[in-house]
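Okay, thanks for making time. I'll put the model up on the screen and then walk you through a few spots in it.

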Amino acid sequence: MRPQHLVLAIACIAAFIVSGRAATAQQQRSPVSQCQAIAQSIPEVTFASFSGAQPVASAVSEGEDVKFTFLGHSTFEIDTPAGIIIATDYNGWYRPAALPDVVTMNKAHTTHFTLTPEPGIKHVLHGWSDIPGEAANIDLVVGDAHIRNVATDIRFSYGLGGSQQNGNSIFIFEIAGLCIGHLGHLHYELTDTHYTEIGRLDVVMVPVDGGLTMGADSMSRVIKRLRSSLILPMHRRGPPVNAFVSMFGKDFDVAYASDDSITVSLRTLPKKPLIYVLKGVQ
């Protein structure tokens, strides 16, 4: 082999090794959130939600719909375009027809979690840490869903008084360009830091019990600040859902569904914020 050919061969091998290492490093990095415009480390930033926001080029293709089905209490089934099934605040009582790939849980009450989920569920995500005061840290990709959490405090249950730091999680699902949030058992209004960590939410599932989580006025302030395009009430106990709906003015549309599910894509989001009350919540 001529010297110049040997040098060229060595250079090609070196480039291949470097590119291989770079690909491995890329695979080991945490997934990047498309719902956060600015790094999480900036605490004073407030994110805005824009109806009809365009995704990163080629990130979303035509027909990529996400289906939401209300199963009961705080449990929604989320079906992704790739066929991943997610169940929120999973307690084992309200189950999708097919075994879910992912279940998320919170522990404010036993109606929001189970310690004995079906063995076939591949990803069981707790919204709390077993270390007191420490926040759960979830950031993973399952199929076409990027799932992460934002920890919040919860009150102790059953009138014991006091609160538990980082006992609850808001779960965020980034699917087909949509930014989707499930507020869980939210007990306190969110801080600027929370809003920064959450980023944009196009669709939000919100508890509307009027007191077990937060009062309707406090919860409505959270929803107005998030500026989501589609608001799906859940966790209704006691007062009718109208107590929550009445907190919103002409800037929000309201619709009552005859079905327990809705299918939406980035391109079919309402242009005006819509509170959509699914069958079973009414």
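I'll start with the overall picture, then go through the cores, one helix, a few loops and a cavity.

Before anything else, keep in mind that this is a predicted model. The chain has 282 residues, and 49% of them count as buried. Its secondary structure comes to four helices and 14 strands. If you take the contacts in the chain with a separation of 6 or more, 58% of them are between residues 24 or more positions apart.

Now, the inside. Nonpolar side chains tend to be buried together in soluble globular proteins. Here, the largest nonpolar core has 58 residues. Which ones have the most contacts inside that core? Those are Phe 68, Ile 147, Leu 183 and Ile 223. By element, strand S8 gives the largest share of this core, five residues. There's also a second, separate core of six residues, and that one includes Ala 87, Tyr 90, Met 105 and Trp 128.

Let me zoom in on Phe 68 for a moment. Setting aside its neighbours within four places in sequence, Phe 68 is in contact with a list of residues that includes Ile 78, Ile 180, Val 203, Met 205 and Leu 232. Polar and charged partners are on that list too, among them Glu 77, Asp 260 and Ser 261.

Ile 223, from that core, sits in helix H3, and it's one of the buried residues there, along with Ala 216, Ser 218, Met 219, Ser 220, Val 222 and Leu 226. What do the buried residues of H3 pack against? They pack against helix H2, strand S10, strand S11 and helix H4.

Go off the end of H3 and you get Arg 227, with a positive phi near 55 degrees. Then look at Ser 228, in the loop between H3 and S11. Is Ser 228 buried or exposed? It counts as buried, because its relative accessibility is 1% and the cut-off is under 20%. The Ser 228 side chain does have a polar partner: it reaches the backbone oxygen of Leu 201 at 2.9 Å.

Two other loop residues caught my eye. His 73, between strands S1 and S2, has a positive phi near 55 degrees, and it isn't a glycine. Ala 176, in the loop between S8 and strand S9, also has a positive phi, near 50 degrees. His 73 is buried at 11% relative accessible area, and Ala 176 is buried at 10%.

One more loop: Thr 114, between strands S4 and S5. Thr 114 is buried, with a relative accessible area of 12%. A polar atom of its side chain lies 3.1 Å from the backbone nitrogen of Thr 116. Not counting residues up to four places away in sequence, Thr 114 touches Tyr 90, Asn 91, Gly 92 and Met 105. Tyr 90 and Met 105 should ring a bell, as they're in the second core.

Last stop, the empty space. How many cavities of 30 Å³ or more does the structure hold? One, and there's about 40 Å³ of space in it. Its lining has three nonpolar, six polar and two charged residues. Lys 107 and Glu 134 are in that lining, and so is Trp 128, which you've already met in the second core.

That's the tour, so let's open it up for discussion.

Methods. Residues numbered from 1 in each chain as written. Predicted model: local features only at pLDDT ≥ 70, side-chain atom pairs only at ≥ 80, totals over all residues. Heavy atoms only, no water. Buried < 20%, exposed > 50% of the residue type's maximum accessible area, 1.4 Å probe, protein only. Polar contact = N/O pair within 3.5 Å; in protein donor to acceptor, adjacent residues only side chain to side chain. 1 Å grid on protein atoms, 1.4 Å probe; cavity = no way out; pocket = protein on both sides within 12 Å on 5 of 7 lines; lining within 4 Å. Points joined across faces, edges and corners; volume = space filled by probe spheres on them. Nonpolar A, V, L, I, M, F, W, Y, C, P; charged D, E, K, R; others polar. Core = buried A, V, L, I, M, F, W, Y, C linked by side-chain atoms within 4.5 Å. Contact = heavy atoms within 4.5 Å.
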